[in-house]
Amino acid sequence: MASVSGIRGVVGKSLIPEVLAKYSAGFGNLCKTGGQNARPQVILGRDSRTSGEMCRFAVLSGLLATGCEVIDIGICPTPTVQIAVEELRAEGGIVITASHNPIQWNGLKFIGSDGTFLAEREVRRLLDLVKNDKISYRSWMEFGKVKLDHSWIQKHIEKILKLKYININKIKRKKLKVVLDCCNGAGGIISPNLLKALGCQVIELFCEPDGNFPHNPEPLPENLISLCQAVKKNKADIGFANDPDADRLAIVSDLGIPLGEEATLALATKFILSKKPKSKVVTNISTSRMIDDIAKKFGSKVYRTKVGEAHVVRGLKAVKGIIGGEGNGGVILPELHYGRDALVGMALILEYLAESEKTITELASDLPRYFMIKKKGKLTKDFEKNLTQLKTKYAKGKINLIDGVRIDFEDSWIHIRKSNTEPIFRIIAEAKSKKRAKELVSESKGILSSN
Ligand code: MG
């Protein structure tokens, strides 16, 4: 599976050493420096999956064979690699991760010289190099070398602690008790360390970065049962869950209730806009309308992009947004770097708790209230025709076609999008009432599935 966000596959089936080496070599070709003999510098990091070591050698092979100097920063979150690329002014970076996919998966995320994910156009160039056998390899005297540098987790933490939004002493004084579920992923070392640096009492749940995922690693409410129980049992102030490459953050309340992935960005946005009202916010087209309501309250404007970190980041850069991200728990704070980062999300939420003197339950209940339903359906041959019919039926709404079809009504909206990777379509509906959200989903699913 190749897409804007990189390649992913099942290890030993589609994701085999030669595939990994080829894509990495193709990426090495893209990372050209000015001089003929100059060696591009590439940062390599990986999540904690047990297949990571196998992938690492294949990726190194591809990069070295195309003349790259590799700085291997070890097991770390995706955002840590992004930061290292930016700060070292490297030509690019590769993260070996399948993000929130289950344990049998792995993959590669590609980062450009500005520390953000490759743009669609560059990904297409990479695919062309790989598929059409256009990769050029260097000769024996031009191969690159590997250097290890495990200092970047600490540098990432320090960069967050230096943010002007974070008042370390204020958070420390609160002595917050936090339960942390890293799903034994890449957040396992860095996340507890960040929380401890903020004076939290950390109860580590699955913080051994050995890649043995104790539950489905996508930080959805149904996968956070142990975390909810641990928060209640320990009478903690909050629970945090990171996905395996720590770019997504989910929150569990002090009552042991998951707030839902949409709440993470909403809370972070509300906090940042309270500091900097009238600033711009950028999020994708399927993120909750909570963001619009919050922005309105602070006189701010929301810009919507296609789904995917690369698109949101481009939007943030274009309008100089102050904060942005995706409703799946991906918070982007450009002042730190242009990438989704669970670590900065945790720091902002803790600062919000400390400054507001409220509990996370209270902060969450102050958020605008919406009900969101996500469903999928099989694509039929009449899908496009049915979609046109749906647009006619909902002609009274405001239609946005930047990525699939999103239709906004007074108190609700619906977004329909074909999957890039499976023969399915996804429907997301959000409304002030659960009944209306359900109605919207079943009505449109009915129309889209008919033939
Ligand atoms: Mg992820």
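**Close-up views of a predicted model**

**View 1. Surroundings of C207 in the predicted model.** C207 has a relative accessible area of 9% and is therefore buried. The closest cysteine sulfur to that of C207 belongs to C182. A distance of 3.9 Å separates the two sulfur atoms, which is too far for a bond, because a disulfide requires sulfur atoms within 2.5 Å.

**View 2. C31 and its cysteine neighbour C68.** The structure contains 0 disulfides. C31 accordingly takes part in none, and the nearest cysteine sulfur, in C68, lies 5.6 Å away. With a relative accessibility of 4%, C31 is classed as buried.

**View 3. The magnesium ion and its donors.** Coordination is provided by S99 through OG and by D243, D245 and D247 through OD, at 2.1 Å. Along the chain, these donors are spaced as S-x143-D-x1-D-x1-D. S99 is located in the loop that joins β5 (92-96) to β6 (105-111), and D245 in the loop that joins β10 (238-242) to β11 (249-252), so this pair ties together parts that are 146 residues apart in sequence. Both S99 and D245 are buried.

**View 4. Helix α1, residues 17-30.** The helix comprises 14 residues, for which a span of 20 Å is expected at 1.5 Å a residue. The C-alpha atoms at its ends are 20 Å apart, in agreement with that expectation. Helix α1 is mostly covered, with 10 of its 14 residues buried. Among the buried residues are L20, Y23, F27 and L30, together with G26, G28 and N29.

Note on methods. Residues numbered from 1 in each chain as written. Predicted model: local features only at pLDDT ≥ 70, side-chain atom pairs only at ≥ 80, totals over all residues. Heavy atoms only, no water. Donors = N, O, S within 2.8 Å, 3.2 Å for Na, K, Ca; no water. Helix = DSSP H or I, 4+ residues; strand = E, 2+ residues; numbered from the N terminus. Buried < 20%, exposed > 50% of the residue type's maximum accessible area, 1.4 Å probe, protein only. Expected span 1.5 Å × (residues − 1).
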